[in-house]
Amino acid sequence: MKKLMAIIILCAMVILGIWWFWEVDEDVKQEVAARVLQDRHGATVNVIEDYDRIVSYAPAITESLVDLGYGDKIVAITTYDSGNGVVGEPLVFDMTNPDLEAIIALNPDLILTSELTAQGGTDPMDELRNMGITVVNFPTPNSIDEIYLDLEFLGELLGVPEKAKQIVTDTKSQIANISAITDGIENRKTVYFEISPAPYMYSTGGGTYLNEMISIAGGNNIFMNADGWMSVTDEMVISANPDIIITNVNYVDNPIQEIKDRNGWAEINAVKNNAVFQVENNPTSLPTTNILKGIQEMAKDMYPDLFK
């Protein structure tokens, strides 16, 4: 009887042990699975527990990191960054010609890049990937929805998914409030949005988040039927005769007056009616959820009676 009991106990222990190891193995599998993400390029990213030393290769990425509460984890930014919200004195490098040795010396555990990083066909990040550093590349968003997707992905990557989702939810709600007003406008104003001034004028056509922003704010982009970001000429703008001209250029003296003084532009409705406005650059150029500020500013400029 004692021998039988011993055999029963031993069998029970073996079964219990097998169950226990199976459960642990499943937990490990789930934990590993939770640490593997797929970015918008379809690339697999193996995620570590915490990122404490982050290199940002684009102003939009830096802005999103700050919004998610990671301003104190950024150790390097580009010369194009404003640095707003970044804590301490990060290394500042040239985005188009980065000093990889200086960046490696910072001992980063996460490097976030944009499509501009690999322009020309060669990706300088391959060397860093081979060193085991997590490198994630963000494609340029073409729509506001893709801006949301990028922030939510960044939240997953950093372990703060709920914070990212809350920012997206709040942004969507406030943009919906603006749309609720502008959707009812019958005679929408036509808009020329200038990104780069003369003599190399640059604007946007359809299929971009800025075109969506103009529409949400209540305007009809004069180049909405064109495709993507585009160079424009005096003749193109004069012929379209926009009701409103908006510029986010911030590197020339008095960009509003410069527009008004151009040859042939005096007869454009926007110039005749003194409806030329300058808006803040970052909220109308960087693909982050801070585009809300840009939409609000454009809406107030176009329809001051509706948005006081």
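Two strands are taken to pair if DSSP finds at least two bridges between them. In this predicted model, such pairing joins strands S6 and S7, which run parallel and are linked by five bridges. Within this pair, Ser114 stands opposite Phe138 in S7, and Leu112 stands opposite Val136 in S7.

The two strands belong to an open sheet of five strands, arranged in the order S5-S4-S3-S6-S7 with parallel pairing. The edges are occupied by strand S5 (91–93) and strand S7 (134–138); each has a single partner strand, so one side of each is left without a neighbour in the sheet. On average, neighbouring strands of the sheet are turned by 15° against each other, direction ignored. At the S5 edge, strand S4 (residues 74–78) pairs with S5 in the parallel sense over three bridges, and Thr78 has Phe93 in S5 as its bridge partner. Strands S3 and S6 also run parallel and are joined by three bridges, with Leu112 in S6 as the bridge partner of Ser56.

Strand S6 is mostly covered, as five of its five residues are buried. The covering extends to both faces of S6: Leu110, Leu112 and Ser114 are buried on one side, and Ile111 and Thr113 are buried on the other. For S7, five of the five residues are buried, so this strand is largely enclosed by the rest of the structure. Both faces of S7 are covered, with Thr134, Val136 and Phe138 buried on one side and Val135 and Asn137 buried on the other.

Two helices were examined in relation to the sheet. Helix H2 lies across strand S3 (54–56), S4, strand S6 (110–114) and S7, and runs at about 150° to S4. Helix H5 lies across S3, S6 and S7, running at about 170° to S7.

The largest nonpolar core contains 51 residues, of which Leu65, Leu112, Leu157, Leu158 and Met298 touch the most other members. The helix H5 gives the most to this core, with eight residues. The surroundings of Leu157 were considered further. With its neighbours within four places in sequence left aside, Leu157 is in contact with Leu37, Val45, Val47, Tyr51, Leu110, Leu112 and Val136. Among these contacts, Leu110 and Leu112 are buried residues of S6, and Val136 is a buried residue of S7.

Helix H6 (residues 161–182) has 22 residues and reaches 31 Å from its first C-alpha to its last, close to the 32 Å expected at 1.5 Å a residue. The buried residues in H6 are Ala164, Ile167, Val168, Thr171, Ile175, Ile178, Ser179 and Thr182. These residues cover an arc of only 105° around the axis, which puts them on the same side of H6. In general, an α-helix has 3.6 residues a turn, so residues three or four places apart point the same way. On the other side of H6, Glu162 and Ala180 are exposed. The buried residues of H6 are covered by elements including helix H2 (59–67), helix H5 (144–158), helix H7 (209–216) and helix H11 (291–302).

Helix H11, one of the elements covering H6, was also compared with its expected span. Its 12 residues should span 16 Å at 1.5 Å a residue, which agrees with the 17 Å between its end C-alpha atoms. Buried positions in H11 are Ile291, Leu292, Gly294, Ile295, Met298, Ala299, Asp301 and Met302. Of these, Met298 is also named among the core residues that touch the most other members.

Several loops contain notable backbone features. A cis peptide bond joins Ala198 and Pro199, with omega at about 10°. Pro199 lies in the loop between strand S8 (189–194) and strand S9 (202–204). Asn241 has a positive phi of about 50° although it is not a glycine, and is located in the loop between helix H8 (234–240) and strand S12 (244–247). With a relative accessibility of 27%, Asn241 counts as partly exposed, the limits for this class being 20% and 50%. Asn274 likewise has a positive phi, near 55°, in a residue other than glycine. The loop that holds Asn274 lies between helix H10 (269–272) and strand S13 (276–278).

Definitions and conventions. Residues are numbered from 1 along each chain as its sequence is written. This is a predicted model: local features need pLDDT of at least 70, side-chain atom pairs count only at pLDDT 80 or more; totals for chains, interfaces and linings use all residues. Side-chain values use heavy atoms; hydrogens and water are left out. Helices (H or I, at least four residues) and strands (E, at least two) are DSSP runs, numbered from the N terminus. The expected span of a helix is 1.5 Å times one less than its number of residues. Buried means under 20% relative accessible area, exposed over 50%, partly exposed in between (1.4 Å probe, protein chains only). The arc is that of the directions from the helix axis to the C-beta atoms. Contact means heavy atoms within 4.5 Å. A nonpolar core is a set of buried Ala, Val, Leu, Ile, Met, Phe, Trp, Tyr and Cys residues joined through side-chain atoms within 4.5 Å. Axes are lines fitted to C-alpha atoms, for helices over the stretch in contact, and angles run from 0 to 180 degrees between N-to-C directions.
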